[in-house]
Amino acid sequence: MKAIERALWDCLIEIQDKGRSVEECLARYPELADELAPLVHTATMVHQVPHPEPSPGFRSGASVRLLNRIQAWETARSSPGGAMRWFPWLARRRSWAVTWLARAMIAMMCAALFGGGVVLAARESLPDSPLYGTKLVMERVQLRLAVTEGTRATLLMGFADERVREMQALAAKGKGREAAQLAVQYAKDVTQVQKSIESGPEGNGKALELLLRFDAQVRRHEGALDRVRQQVPEEERPAINEALEASRRGQAKAREAIEKRKSPPGQEKRETPPPGKDQPPGQRKWSSSNRERGHLTVMSSVNTCRPTASVMLSI
Amino acid sequence: MPEEVELVRRAVRREAEAFARLYELHLDEVFRYVYYKTGDTAEAEDLTEQVFLKAWESIDRFQWRGTPFRAWLLRLAHNLVVDRWRGRRETLSLNDVQSAPTPGPEGQAYKTLEAQELRQVLLSLSPEQQQVLILRFVEDLSYQEIASIMGKSEGALRVIQHRALANLRKAMAES
């Protein structure tokens, strides 16, 4: 081994790990100093570069987001694909019936779980509670059970409501950092609601109903988030601002889509209830297809999982 | 460190909250490493999440053998970055990336560097040389940790480090 390699190695340990100066180190190797100096200076310069950091938006909700992804991964691991390993005969009969069977089983398990005290308590928990993880798992399970984009949007709207409620509660308890962490998930849920509504079937009267509810919801959120923003410390406000921005974007998109759907009295009019048969918005059926009816059957069991909030009002 | 040992123990038992805490502790280290390998903040953030998701999938295989948890994470990060390169034929290796030289006066080897400039000059080194410099001077890892991540002896690391710094200096002077 070359002497210079050994000297460089030792020198950098002295400087970086033991806090010696470059000059002290070079003085120990006078015969190699000319060759050593530029290399040590280069290393020192690299060490002193202000290194990049994740963006505040990424960092603020990082752990909540990771927990969601972990839960989604765990759910996927234990859902139909996983079941096939244990029940190979199911794999041989892979069909819509298998999918529905798996969904119904998960729905029944979910209903059974929600009958339990732990899950009931988890439903009201906040991120500072050990039960909060259970709450997030159940939310993701419900989301996976959603067959249509409409149901998915409805669920996500309920989750967004819940995140705002949690942020308010945490901010009131002086836990600004935890409140800010939820803001990222809120923004994500609101964006997903828009996407779900947008990718839903065109001309469906339910879409208009959903959009109107979403518009009212995000307007309500804006006021609540603004109050949360005033309660949290200065350094946590950017995350809340992002949530506010998502809420405003949601409002703008919803209004735009509402106008688009209202203007031509064409297709969607056929699917909205006829005049004179006014029903309260929360009681209307929004599709008569077999698939939707099947979905409603399953979701009625899911409904028992989460009887809170306005999540299932439309079903 | 004792806190981390306990967190890892709980995470191995599939306690997601303990793992989330480990995520918070090591988020910056993994992000930095991935950033210098990809050069793109959004991609680095995405890969950082994937590293931790991969870590969660395989955490029951993690064992304390004198290697800190962060060294294990950075090895996962390295493997994921390599997998992504393989998936993108057009940017198979960092060395294939043609980057614009950083403008500046002649002989500016000792000027103040920015992260993006550093990444640009690192591109002129071999992947192995880049890895040693990033792990040692960006991540502040000990040589022992670097040796365990890269599967190299300390003797081999000395040689790589010397060549890496000599090449880096040359690249900086030329840019």
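# Two-chain helical model: where to trust it, where it touches

Over residues 266-315 of chain A, pLDDT (the predictor's confidence in each residue, from 0 to 100) stays under 50, and the model has 69 contacts beyond four places in sequence for that stretch. A contact here means two residues whose C-beta atoms, placed from the backbone, lie within 7 Å. This is a predicted model, so local features need pLDDT of at least 70 and side-chain atom pairs count only at pLDDT 80 or more, while totals for chains, interfaces and linings use all residues. Residues are numbered from 1 along each chain as its sequence is written, and chains are lettered from A and ligands numbered from 1 in the order in which they are written.

**Confidence**

- The model scores ipTM 0.75 and pTM 0.48.
- Chain A has a mean pLDDT of 70, with 63% of its residues reaching 70 or more.
- For chain B the mean pLDDT is 80, and 83% of its residues get to 70 or more.
- In chain B, residues 89-111 sit below a pLDDT of 50, and this stretch has 28 contacts in the model beyond near neighbours in sequence.
- Back in chain A, residues 80-98 also stay under a pLDDT of 50, and the model has ten contacts beyond four places in sequence for them.
- Among the elements of chain A, helix H3 (residues 33-48) has the highest mean pLDDT, 91, and helix H16 (residues 290-305) the lowest, 34.
- Where pLDDT is low, don't read the predicted coordinates in detail.

**Chain A overall**

- Chain A comes out with 16 helices and zero strands; helices (H or I, at least four residues) and strands (E, at least two) are DSSP runs, numbered from the N terminus.
- Of the 315 residues in chain A, 37% are buried. The cut-offs: a residue is buried if 20 or more other C-beta atoms lie within 10 Å of its own, exposed if 12 or fewer, and partly exposed in between, with C-beta atoms placed from the backbone.
- Take the contacts in chain A between residues at least 6 apart in sequence: 72% of them join residues at least 24 apart.
- Ala257(A) is in helix H14 (residues 237-262) of chain A. Ala257(A) has 19 other C-beta atoms within 10 Å, so it is partly exposed.
- Leaving out neighbours within four places in sequence, Ala257(A) is in contact with Ile197(A) and Leu211(A).
- The C-alpha atoms of Ala257(A) and Leu208(A) are separated by 8.2 Å, with the two residues 49 apart along the chain.

**Chain B overall**

- Chain B has eight helices and zero strands.
- Of its 175 residues, 40% count as buried.
- Among contacts in chain B with a separation of 6 or more, 64% are between residues 24 or more positions apart.

**Where the chains meet**

- The contact between the chains takes 31 residues from chain A and 35 residues from chain B.
- On the side of chain A that touches chain B, helix H1 (3-18), H3, helix H4 (56-60) and helix H5 (62-78) of chain A each supply at least two residues.
- H3(A) gives the largest share of that side, eight residues.
- The chain A side splits into 19 nonpolar, seven polar and five charged residues. Ala, Val, Leu, Ile, Met, Phe, Trp, Tyr, Cys and Pro count as nonpolar, Asp, Glu, Lys and Arg as charged, and the others, Gly among them, as polar.

**Helix H6 of chain B**

- Helix H6 (residues 127-138) of chain B is mostly covered, with ten of its twelve residues buried.
- The buried ones include Gln130(B), Leu133(B), Arg136(B) and Val138(B).
- Phe137(B) is in helix H6 of chain B. Phe137(B) is buried because 25 other C-beta atoms lie within 10 Å.
- Setting aside neighbours within four places in sequence, Phe137(B) is in contact with Ala43(A), Val46(A) and His47(A).

**Positive phi in chain B**

- Asp140(B) has a phi near 60°, a positive value in a residue other than glycine. You'll find Asp140(B) in the loop between H6 and helix H7 (143-150) of chain B. Asp140(B) is exposed because it has 12 other C-beta atoms within 10 Å.
- Arg14(B) is a residue other than glycine with positive phi, near 70°. Arg14(B) lies in the loop between helix H1 (2-12) and helix H2 (16-38) of chain B. With 13 C-beta neighbours inside 10 Å, Arg14(B) counts as partly exposed.
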